[in-house]
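Open the structure in your viewer and keep the selection tool at hand. This tour goes stop by stop, saying what to select and what is there.

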Protein chains: 2
Amino acid sequence: MGWSVGVVGATGAVGETLLRVLAERGFPLDRLRLLATPHSAGRRVRFRDTDLTVEAIGPGAFAGLDLCFLAVPGAHVSRELAPEAVRAGAVVIDKGSAFRLDPAVPLVVPEVNPEVARTHTGILASPNCTTIPLVMCLAPLALLAGLRRVVVATYQSASGSGGAGMEELRQGAADVLADRAGTAEVFPRRLAFNVIPQCDRFGEGGFTQEEWKLTRESRKILGLPELRLAATAVRVPVFVSHAEAVFIETASPLTVEEARQTLRAAPGVVVEDDPERGIYPTPAAVAGSDRAHVGRLRQEPGDPHTLHFWVVGDNLRKGAATNAVQMAELLVGA
Amino acid sequence: MGWSVGVVGATGAVGETLLRVLAERGFPLDRLRLLATPHSAGRRVRFRDTDLTVEAIGPGAFAGLDLCFLAVPGAHVSRELAPEAVRAGAVVIDKGSAFRLDPAVPLVVPEVNPEVARTHTGILASPNCTTIPLVMCLAPLALLAGLRRVVVATYQSASGSGGAGMEELRQGAADVLADRAGTAEVFPRRLAFNVIPQCDRFGEGGFTQEEWKLTRESRKILGLPELRLAATAVRVPVFVSHAEAVFIETASPLTVEEARQTLRAAPGVVVEDDPERGIYPTPAAVAGSDRAHVGRLRQEPGDPHTLHFWVVGDNLRKGAATNAVQMAELLVGA
């Protein structure tokens, strides 16, 4: 007794990971259909031990689906397709930004706010890839000591811009090593052997859309609409996994050991924090994981309302595909 | 009528840059002598249109020098050589960390606190490569609005670990692109296509020595011994130039435009801040510059005591060699 599931965008970096995670976790599938623009229709995609053919999205494409994942770039595509899928009877889990801040749409990290998933009216949103590992740490720390201020600097990998971003990084690095002038198309500058303080377009007050996502999505998920949280989002020449250097100022004093115990007990969080023995997470080591990896916990001497930490998550898995599949598991009670 | 100048460590990444900067700036040299351990002695190094031979440091090596730059890795080497050079009559400018926090030693950024150079008793220290661009921005902002708190996340290049660090990055990138397993010797992990939240060894309270340098050196240079300033220092796969994402909370309210005007007027600071037109500094673009390049100025909406910015400096030039030569220029009145 499984579910009839559709995946739109199955040939992208997140979509491919989504199929892998559905298979790994044994999601109760009755039927799996892959949907895409006519451009990708007809492509064969491996799922478990069969090849599936990508179907073109057209009239009636969503008929018969119980559940539909949207893993498409561009919020306008989600805005067009999600209502169609809902009208056809499917529940939609959108990986994009179109509905995340809509008050009627639950924005869900299953380890943090699973209860809101039940309130959906057809569409649920999965948060941005940097938001997910951040709120997995902030939620228990907010309970422990309250949050007065959060300052985040990110180290975001090329795969945040999909397969094309990873390929541009690889090609750019080969160009630099061979003393060739490269080109930048996906990123606003050459990313290889460089860092770029711009992810996504610029928005209100000089913050980028990516920085606003982190602020506004975290506020919604944590239920703290006034939370002072600001970020600098920076692209770094890494293939997979985003890292974040986080500073929090708390309402009550806390100790590093209390924070460490709190994070150790937090669902989905792995504490890797023994710097004297060289233990802390890095993007290369965390790639492939479904959890938020935290290290470098420390406090400013003489200032017990402060905590600094470093959190790393695989942006394609826990930051995207795994979170969406966990949301689906909540819905089907798997 | 020039000066007799010695350079210890002329074959390292900073030492090579120091020679280049001395030549570029037309420092008034009467004589230039290159000194090194017996290991490097005898090597020929180009300076302007002549080849100089590196001499081994031995008894009497510093005799006749007016000025001696120390560009050696390892504070213990500076601690041994600096007093010897001073006894021989030279004024020492040390690029290392040995004397920076010594109350008797001026720690100088010529654009920020040139007056302290006059108080030396033989030894002057040049700050760490991340400290220099940071205080060039913080000093004028502290005058404008006062500093209540500073939070920094760094993006530090491989050349911070010298030529060997750059070579390990280059080799590591070639290994990854060719699907070869690489090795890490200079850095605690593979740096290519990765970021590492550790620069230098770990110290008090779980902060690294690099993080402590930024805190303590900034306090000393700014004359704010109680300043709350904490950092996360992260190594990134970039060859040259360090970047820093900086958050400040100020004592008085300020506007972004006031901050921008203040930084535009600050000596040695270049404001590159027009994000809508894609204008902000990156490490690759700043490499080769002698100034601190600042962009991404912005304030948290509704919180006029906050300012975020992004500063990038060439760690071999302004972060090391150029700053030391500028210090020498102060001393000789050039």
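**Stop 1: the domains of chain A**

Start by colouring chain A by domain. The assignment gives domain 1 as 3-127 + 320-332 and domain 2 as 131-315. Bear in mind that this is a predicted model.

Place a marker at the C-alpha centre of each domain. In chain A, the centres of domain 1 and domain 2 lie 25 Å apart.

Now select the contact between them. Domain 1 of chain A puts in 15 residues, and domain 2 of chain A puts in 17 residues. Which helix gives the largest share of the domain 1 side? Helix α8 (residues 317-332) of chain A does, with three residues. Colour the domain 1 side by class: eight residues are nonpolar, five are polar and two are charged.

**Stop 2: two helices in chain A**

Keep α8(A) selected and add helix α1, residues 13-24 of chain A. The axes of these two helices are 9 Å apart, and the helices pack at an angle of about 50 degrees. An angle of that size makes α1(A) oblique to α8(A). Turn the view to look through the pair: the crossing of α1(A) and α8(A) is right-handed.

Show the side chains next. From α1(A), pick A:Val14, A:Thr17, A:Leu18, A:Val21 and A:Leu22. They meet A:Arg317, A:Ala320, A:Ala321, A:Thr322, A:Ala324 and A:Val325 of α8(A). How do the residues of this contact between α1(A) and α8(A) divide by class? Eight are nonpolar, two are polar and one is charged.

**Stop 3: the helix pair in chain B**

Move to chain B. Select α1 (residues 13-24) and α8 (residues 317-332) there. Their axes come within 9 Å and cross at roughly 50 degrees. That makes α1(B) oblique to α8(B). The crossing of α1(B) and α8(B) is right-handed.

On the α1(B) side, select B:Val14, B:Thr17, B:Leu18, B:Val21 and B:Leu22. On the α8(B) side, select B:Arg317, B:Ala320, B:Ala321, B:Thr322, B:Ala324 and B:Val325. The residues of this contact between α1(B) and α8(B) include eight nonpolar, two polar and one charged.

**Stop 4: where the chains meet**

Show both chains and select the contact between them. Chain A gives 47 residues and chain B gives 47 residues.

Which elements of chain A give two or more residues to the side that touches chain B? Select these in turn:

- the strands β9 (147-155), β10 (229-232), β11 (242-250), β13 (292-298) and β14 (306-313) of chain A
- the helices α4 (162-177) and α7 (283-286) of chain A

Pause on α4(A). This helix gives the most to the side of chain A that touches chain B, with four residues. Then colour that whole side by class: 29 residues are nonpolar, nine are polar and nine are charged.

**Stop 5: the axis**

Finish with the pair as a whole. Turn chain A by 180 degrees, with a shift of 0.0 Å along the axis, and chain A can be laid on chain B with an RMSD of 0.0 Å. That is the relation of a two-fold axis. The same surface serves both copies, as 100% of the contact residues of chain A recur in chain B.

Terms used:
Residues numbered from 1 in each chain as written. Chains lettered and ligands numbered in written order. Predicted model: local features only at pLDDT ≥ 70, side-chain atom pairs only at ≥ 80, totals over all residues. Least-squares fit on C-alpha atoms with pLDDT ≥ 70 in both. Contact = placed C-beta atoms within 7 Å. Axes fitted to C-alpha atoms, helices over the stretch in contact; angles between N-to-C directions. Parallel < 35°, antiparallel > 145°, perpendicular 65-115°, else oblique. Left-handed = near helix turned anticlockwise from the far one by under 90°. Nonpolar A, V, L, I, M, F, W, Y, C, P; charged D, E, K, R; others polar. Domains from an automatic or database assignment.
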